[in-house]
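Work through the exercises below with the sequence and the model at hand. Each task is followed by a solution in steps.

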Amino acid sequence: MHAEGAIRSPYAEMARFLDATGQEALDQKRREAEVLFRRIGVTFAVYTEGGDPERLIPFDVIPRILARDEWERLSQGLEQRVRALNAFLTDVYGEQAIIKAGRIPPELVLQNEGYLPQMKGFVPPGGVWTVISGIDLVRTEADQFYVLEDNCRTPSGVSYMLENREAMFRLFPEICARHRIAPVSHYPEELLETLKSIAPESCSGTPNVVVLTPGPYNSAYYEHSFLADEMGVELVEGADLFVRDEMVFMRTTAGPKRVDVIYRRIDDDFIDPECFRADSVVGVPGLMAAYRAGNVSLANAPGTGIADDKAVYPYVPEMVRFYLKEEPILSNVPTFMCERPADQDYVLANLDKLVVKLARGSGGYGMLVGPHATQEQRDDFAGRIKARPGDYIAQPTLALSTVPTLGEAGIGPRHVDLRPFVLFGKEVRMVPGGLTRVALREGSLVVNSSQGGGTKDTWVLLEDPPAEGQLALPPPEEPAASQSQGQSQSQSQGKSQSQGKSQSQGQSSRQQQGEG
């Protein structure tokens, strides 16, 4: 919010609003937000702590604000990165040119549990592997963003981005009207158009799209239901689908209906018991045979996990140079690979200064934040690293930027990250902004909701707010077309509605799977 002792221009009007609004009024709005989210069912599930697993993600009522030029640079870097990751997946399941050129160690890819030999030689419909990506960013300086990690399997959180914006419009219509905020509510339309664009060539007519969920006991089930509802497509479980003659059909009261595109929110191991885990009860037997035959499209493609593996992450800038012949726009966080003897020695000697992560972990689990850990915790991680060095990476604790956040004692600085969502079909689409996650505990660097983090609305301003005393234009209507990368905007409302209208529910499953 501040730069060189002054309020940054994107925050000028917000600063005046916060100065004029007392703690009591803001606390009341926070309570209203909680009631709103509870009423419409905006929840996630935690199954490891006992009690009711359904939790509300804490919502902070002070938005995170980005200027238009900041977003334009970010969106260019995000598109570049997603194109490079997709090229990498095409290559490592094809010719493996980057391995043959010595740009990445072969064992890091071919012996990685995220690499699926079943996908070798396969080209997804449209040649797109990473249809939906969530790229986590952190800011350290006014003009410096780093990519913290890539989420290319089943990235989650976009429903919270949409609901957060809806909540801000309801709770703070006046302050929203004083800003020209780039809209995000057209994301479901963009997602649906992207999914339709990757329909297989055998599809005739309008593609039939479904969202495949493991069921209501999944931690992100609210989002599965929300997105199906917003796109106007069926929400299905594995038992609702079947394969006949290498084509996928959905059971309906009017008889079988062919399915062309599946937005799957089920992990690779569980999507087809005939190809992967035979004990899966949430998948669709024969689905991979239909996929290989070119009769159905999956988003994202199985095998994309190799692209967001944290041990592969350090090589993404090299992917940009190798495949796109460009210099990376977005930087990586410096990363130490514990399987390298020199890196391991450095990490073990500096555990009090580093963040140690599981190379294939998610949700903030299996992580050590060295400066905030006890000596006992650091000793425990030292033993883990020595026992299984290939499972761990380490990164320096960056001086992350903070944003104003409402706490019990008033407004104070809290660390945040940003997850923009990138859609890749025939073209790359992005809505401006993303999900801002905030570490609610003072001094904490962990923003994951499963670890006590919360969320904020993320505003990308189409122009700076007016000077004090000037009138602002009302916020623009929500457009239907992506405005990222200079794309034109058309008008559409598409406001998010409450959960519960999603169609085909199918049989429930207790299969729990962690999404990114």
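**Exercise 1. A charged patch**

Task: Identify which residues gather in a patch of negative charge on the surface, and place Glu141 in its element.

Solution. The structure is a predicted model.
- Step 1. The patch of negative charge is made up of Asp69, Glu141, Asp143, Glu463 and Asp464.
- Step 2. Among these residues, glutamate 141 belongs to strand E6, which covers residues 132-141.
- Step 3. The relative accessible area of glutamate 141 is 56%. Exposed means over 50%, so glutamate 141 counts as exposed.

**Exercise 2. Backbone geometry**

Task: Find where the peptide bond from alanine 299 lies, and state whether it is cis or trans. Then determine the sign of phi at glutamate 4 and at lysine 325.

Solution.
- Step 1. Omega is near -5 degrees for the peptide bond from alanine 299 to asparagine 300, and this bond is cis. Asparagine 300 sits in the loop that runs between strand E14 (297-299) and helix H11 (316-324).
- Step 2. Glutamate 4 is not a glycine, yet its phi is positive, at about 55 degrees. Its position is the loop between strand E1 (2-3) and strand E2 (6-7). With a relative accessible area of 85%, glutamate 4 is exposed.
- Step 3. Lysine 325, also a residue other than glycine, has a positive phi near 60 degrees. The loop that holds lysine 325 lies between H11 and strand E15 (331-332). Lysine 325 is exposed, at a relative accessible area of 67%.

**Exercise 3. A three-stranded sheet**

Task: Give the order of the strands in the open sheet that contains E10, and explain which strands stand at the edges.

Solution.
- Step 1. The order is E10-E11-E12, and the three strands pair in the antiparallel sense.
- Step 2. Strand E10 (241-244) and strand E12 (257-258) each have a single partner strand and therefore stand at the edges, with one side of each left without a neighbour in the sheet.
- Step 3. Between strand E11 (residues 247-250) and E12 there are two bridges, in the antiparallel sense. Phenylalanine 249 has arginine 258, in E12, as its bridge partner.
- Step 4. As background, strands of a sheet pair through backbone hydrogen bonds.

**Exercise 4. Salt bridges along the chain**

Task: State how many salt bridges a search of the whole structure finds. Then work out how many residues separate arginine 30 from glutamate 408, and arginine 153 from aspartate 308.

Solution.
- Step 1. The search finds 32 salt bridges.
- Step 2. One salt bridge joins arginine 30 and glutamate 408, whose closest N and O atoms are 3.7 Å apart. This pair links distant parts of the chain, 378 residues apart: arginine 30 is in helix H2 (residues 23-40), and glutamate 408 is in the loop between strand E20 (402-407) and strand E21 (410-419). Glutamate 408 is exposed, with a relative accessible area of 73%.
- Step 3. Arginine 83 and glutamate 79 form a salt bridge with an N to O distance of 3.0 Å. Both are in helix H3 (residues 68-92), and because they are four residues apart, about one helical turn separates them. Arginine 83 is partly exposed at 33% relative accessibility, whereas glutamate 79 is buried at 16%.
- Step 4. Arginine 153 and aspartate 308 also meet in a salt bridge, at 2.7 Å from N to O. Here too distant parts of the chain are linked, 155 residues apart: arginine 153 lies in the loop between strand E7 (144-151) and helix H6 (158-171), and aspartate 308 in the loop between E14 and H11. Arginine 153 is partly exposed at 35%, while aspartate 308 is buried at 11%.
- Step 5. Arg103, Glu318, Arg321 and Glu327 are joined into one network by salt bridges that share partners.

**Exercise 5. A hairpin**

Task: Describe how E20 and E21 pair, and explain why E20 is described as largely enclosed.

Solution.
- Step 1. E20 and E21 run antiparallel and are joined by six bridges.
- Step 2. The two strands form a hairpin, with two residues between them. Glycine 407 has glycine 410, in E21, as its bridge partner.
- Step 3. E20 is largely enclosed by the rest of the structure because five of its six residues are buried.

Note on methods. Residues are numbered from 1 along each chain as its sequence is written. This is a predicted model: local features need pLDDT of at least 70, side-chain atom pairs count only at pLDDT 80 or more; totals for chains, interfaces and linings use all residues. Side-chain values use heavy atoms; hydrogens and water are left out. Patches are made of residues with over 30% relative accessible area and no salt bridge: like charges are joined within 9 Å, nonpolar side chains (Val, Leu, Ile, Met, Phe, Trp, Tyr) within 5 Å. Accessible areas come from the Shrake-Rupley method with a 1.4 Å probe; for residues, only the protein chains shown count as cover. A salt bridge is a side-chain nitrogen of Lys or Arg within 4 Å of a carboxyl oxygen of Asp or Glu. Lys and Arg count as positive and Asp and Glu as negative; His and the chain ends are not counted. The place of a charge is taken as NZ of Lys, CZ of Arg, CG of Asp or CD of Glu. Buried means under 20% relative accessible area, exposed over 50%, partly exposed in between (1.4 Å probe, protein chains only). Two strands pair if DSSP finds at least two bridges between them.
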